[in-house]
Amino acid sequence: MSTAIPIRPRRLRQSAAMRRLVSETRVHASQLVLPMFVHDGPDDGDDRPVSSMPGVVQHSLDSLRRAAAEAAEAGLGGLMLFGVPAHRDATGTGATDPAGILNRATAAVTAEVGDAVVVSTDLCLDEFTDHGHCGVLDAHGSVDNDATLVRYAEMALAQADAGSVLLGLSGMMDGQVMAVREALDGAGRTDVATLAYAAKYASAFYGPFREAVDSQLQGDRRSYQLDPANAREGVREAALDVAEGADIVMVKPALPYLDVLHQVADASPVPVWAYQVSGEYAMIEAAAANGWIAREAAITESVTSIVRAGADAVLTYWALEIAEWSSR
Ligand code: PBG
């Protein structure tokens, strides 16, 4: 006896088929980008597990190539490559050396997959510097913004030469999008696109990534990455990057910053992506390994929420697995 309730939203939740049909948000393989690490050991060497990210490895070059082919086969939207060099120095020369691990890996992967999947590269110095910062340092040990832009411009050309079609500008230097765009256009590489990590926060959730790339960082990145307290500043950073010519802007991390993501998505004239970072991955994996959380459901819910908040595409270490689930 409940005729006094004419509006009953539960009607649309009554079966799995009905829920599927009325779902507002669908996550598709084509909007997932897989971040991948490649170490500088023997090309046919072993993969090196990343202990804080169970299931994630530093690939050897050969295994990276095979994994990239598998990702293309699964219909993923893209790959984001990170190099883990064996040698580092103050200016990160390995980043601009065509024989440096990231550039070699990019060439190998593009030779393998062609344009079946978008091959993109991390454009930042932190993996290549012996101090672990995202830029070069001045005489006082601070990150020198404008001197870093010169290195980023060189890095952009090296990555474009290696075959990267989408450069992931993750260093958070002022003017980085403009500097890279000018360098590319000046070299006739108007075809190479930029993905600006526009609102990248100084986050504790990058912890496991720093193990994944053997980061040498002492201290923190708070003089260049955003303060987690600031949403308006994130929106402003995205607008600036669009004005500088960014083809895509990104918010990072993802789940703790859904409000920023939503605001950027509301305002942006270009695609907006989000990066579900290493700590977001590690938390769910650790809880699931302890039997404290339902792994697949938690992963699905987290990525669905990121898309619902406004992400057009998501960088996630689970990209391949989610693609498999969504195709069944
Ligand atoms: C910088 C970079 C970082 C991440 C992606 N690009 C690390 C940092 O800013 O310290 C973090 C990604 C993750 O945590 O999954 N090259």
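Q: What makes a residue part of the lining of the second largest pocket, and which ones lie nearest its centre?
A: A lining residue has an atom within 4 Å of a grid point. The second largest pocket has 19 of them, and Leu34, Gly55, Val56, Tyr317 and Leu320 lie nearest its centre. This is a predicted model: local features need pLDDT of at least 70, side-chain atom pairs count only at pLDDT 80 or more, and totals for chains, interfaces and linings use all residues. Residues are numbered from 1 along each chain as its sequence is written, and side-chain values use heavy atoms, without hydrogens and water.

Q: Which elements build the lining of the second largest pocket?
A: β1 (32-39), β3 (57-59), α2 (61-73), α9 (278-289) and α11 each give at least two residues. β1 has the largest share, with four. By class, the lining has twelve nonpolar, two polar and five charged residues. The space in this pocket is about 320 Å³.

Q: What makes up the largest pocket?
A: Its volume is about 470 Å³. It has 14 lining residues, with Thr25, Arg26, Val27, Thr300 and Ser326 closest to the centre. α10 (295-308) and α11 (319-326) each supply at least two of the lining residues. α10 gives four, the largest share. The lining of the largest pocket holds four nonpolar, six polar and four charged residues.

Q: Why is the ligand said to sit in a cavity?
A: A cavity is a set of points on a 1 Å grid over the protein atoms alone where a 1.4 Å probe fits but cannot get out. A molecule sits there if more than half of its atoms lie within 2 Å of the grid points. The ligand meets this for the largest cavity, so that is where it sits.

Q: Which residues surround the ligand?
A: There are 18, and the closest are Asp126, Arg210, Lys252, Ser278 and Tyr317. Each counts because one of its heavy atoms lies within 4 Å of the ligand. This shell has eight nonpolar, three polar and seven charged residues.

Q: How do you know that Asp126, Arg210 and Gln225 make polar contacts with the ligand?
A: A polar contact is a pair of N or O atoms within 3.5 Å. A polar side-chain atom of Asp126 is 2.6 Å from a ligand nitrogen. For Arg210, a polar side-chain atom is 2.6 Å from a ligand oxygen. A side-chain N or O atom of Gln225 lies 2.8 Å from an oxygen of the ligand. These distances are inside the cut-off, so each pair qualifies. Taken alone, the ligand exposes 410 Å² (Shrake-Rupley method, 1.4 Å probe), and the protein buries 100% of that.

Terms used. A polar contact is a pair of N or O atoms within 3.5 Å; within protein, one must be able to donate a hydrogen and the other to accept it, and residues adjacent in sequence count only if both atoms are side-chain atoms. On a 1 Å grid over the protein atoms alone, a cavity is a set of points where a 1.4 Å probe fits but cannot get out, and a pocket is an open set with protein on both sides within 12 Å along at least five of seven lines; lining residues have an atom within 4 Å of a point. Ala, Val, Leu, Ile, Met, Phe, Trp, Tyr, Cys and Pro count as nonpolar, Asp, Glu, Lys and Arg as charged, and the others, Gly among them, as polar. Grid points are joined across faces, edges and corners, and a volume is the space filled by probe spheres set on the points.
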